[in-house]
Amino acid sequence: MHSYVFDRDAFAPVSLTIGYNDAVSFAVKSDFLFLEGIELEIKQDKTSMNYPNSIAYTVYTDIKPEPSKKYVDYSAKKISTALLPNRFSYILRIPLKKDYTFKHIKNSELLPYTGRIGVSPIMLRLNPVMKGLPDDFEQASFTVIIRPLLIAEGGLKLKLQFPEKEQKPVTVQLNNEYLTQFENLQLLLPGTYSVSISSDAYRTEMRSCIVERGKITQLEVQLKSITPLLHIQAPENTAVFLDNQEIVLSKEPLPVTVGMHTVVFKMGSYELTRQITVEEGKTYEMTMTMDVLLQEIAN
């Protein structure tokens, strides 16, 4: 018994080789947000195709005990059984949701929906039904490929980080469309999306993100206060005064009030004064530079 457990909706296809009297089981441990079905593809080799109608396949659920290599005997509920058609490839599609969107395709079987599938592991078993198979049939092998059948959408989860405990109202737009419940998971077709967050209390934030099918994109945005910020830079050994108060320069900008401010730079006997008018929601950078001008004077 080959056994697999998938812990997410969008898992990579699994391919394995089994014998003509072997089985494979699998279980999906997820919330089935994007996963609506499982596809099993059974591929035969030339040896088995030389003996048509010799192999049957059976699909089971409600398997007890839990499938494991240490167990040989199981009890299970049979949900489908048939002769394996004499084709190189044959597909079984198993719905995990009552309202699924995938369809029956050519050279395949679409199993009926049952609420137990997805809750309990599923098992696919092959067994010979023809007597007197030759010795070379012992070498026959079958490839089983397990694929997820996903809904067409992916998910976008927006998380806003507020600068203070009290959260002020914000407006969120997704591709210029307003989101009234932006805290909820948004199911979207795959593609690139623009997110705009605006507010009277915070600075406008613009982000771009990519939504992939069957996956949740997490987008975290740190909101910033609309209090104006002033970043001042000056040479070493320069004393800087903001509105007559000496300040210590740092890499981080200073929050200031809206309106006019006076900045004074002092270096020895040299003094430079500048005034600046700041507006709400803006960041300013003021840099003191000293330069030397050299030019040639004609005699």
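**Salt bridges, cores and empty spaces**

Reader: Quick one to start: how accessible is Arg 207?

Author: Arg 207 counts as partly exposed, with a relative accessibility of 30%. Bear in mind that this is a predicted model.

Reader: Which residue does Arg 207 form a salt bridge with?

Author: Glu 205. The closest N and O atoms of that pair are 3.2 Å apart. Glu 205 itself is buried, at 10% relative accessibility.

Reader: And which residues get joined into one network by salt bridges that share partners?

Author: Glu 39, Glu 41, Arg 93 and Arg 147. Within that group, Arg 147 and Glu 39 form a salt bridge whose closest N and O atoms are 2.9 Å apart.

Reader: Where do Arg 147 and Glu 39 lie?

Author: Arg 147 lies in strand β10 (residues 142-150) and Glu 39 in strand β4 (residues 35-44), so their salt bridge ties together parts that are 108 residues apart in sequence.

Reader: OK, is Glu 39 buried or exposed?

Author: Glu 39 is buried, at 7% relative accessibility. Its partner Arg 147 is partly exposed, at 24%.

Reader: How many salt bridges does the count come to?

Author: Eight. Another of them pairs Arg 8 with Asp 7, with the closest N and O atoms 3.5 Å apart. Both ends of that one are exposed: Arg 8 has a relative accessible area of 52%, and Asp 7 is at 55%.

Reader: Switching to the inside. Which residues touch the most other members of the largest nonpolar core?

Author: Ile 38, Leu 40, Tyr 57, Leu 92, Leu 124, Phe 142 and Ile 146, out of 34 residues in that core. The elements giving two or more residues to the core are β2, β3, β4, β5, β7, β9 and β10.

Reader: What does Ile 146 touch, not counting residues up to four places away in sequence?

Author: Its contacts include Phe 6, Phe 11, Pro 13, Val 14 and Leu 16. Ile 38, Glu 39 and Leu 40 are also among them, and Glu 39 is the buried residue we just talked about.

Reader: What lies apart from that core?

Author: Another core, of 19 residues, with Val 172, Leu 179, Cys 209 and Leu 223 among them.

Reader: Pockets next. How much space lies in the largest pocket?

Author: About 300 Å³. It is lined by 14 residues, and the closest to its centre are Met 1, Ala 23, Val 72, Tyr 74 and Met 123. Strands β6 (75-83) and β9 (122-128) each supply at least two residues of the lining. By class, that lining has eight nonpolar, three polar and three charged residues.

Reader: And the second largest pocket, what lines it?

Author: Among its lining residues are Asp 7 and Arg 8, the exposed salt-bridge pair from before. Phe 34, Lys 215 and Ile 216 are also part of that lining. The space there is about 170 Å³, and the lining has four nonpolar, two polar and five charged residues.

Reader: How many cavities of 30 Å³ or more turn up in the whole structure?

Author: Three. The largest cavity has a volume of about 50 Å³, and strand β18 (residues 229-233) gives the largest share of its lining, three residues.

Reader: What classes of residue line the second largest cavity?

Author: Four nonpolar, five polar and no charged. Gln 44, Tyr 51, Asn 53 and Leu 84 are among the residues there, and that cavity has a volume of about 40 Å³.

Key: Residues numbered from 1 in each chain as written. Predicted model: local features only at pLDDT ≥ 70, side-chain atom pairs only at ≥ 80, totals over all residues. Heavy atoms only, no water. 1 Å grid on protein atoms, 1.4 Å probe; cavity = no way out; pocket = protein on both sides within 12 Å on 5 of 7 lines; lining within 4 Å. Points joined across faces, edges and corners; volume = space filled by probe spheres on them. Helix = DSSP H or I, 4+ residues; strand = E, 2+ residues; numbered from the N terminus. Nonpolar A, V, L, I, M, F, W, Y, C, P; charged D, E, K, R; others polar. Salt bridge = Lys/Arg side-chain N within 4 Å of Asp/Glu carboxyl O. Buried < 20%, exposed > 50% of the residue type's maximum accessible area, 1.4 Å probe, protein only. Core = buried A, V, L, I, M, F, W, Y, C linked by side-chain atoms within 4.5 Å. Contact = heavy atoms within 4.5 Å.
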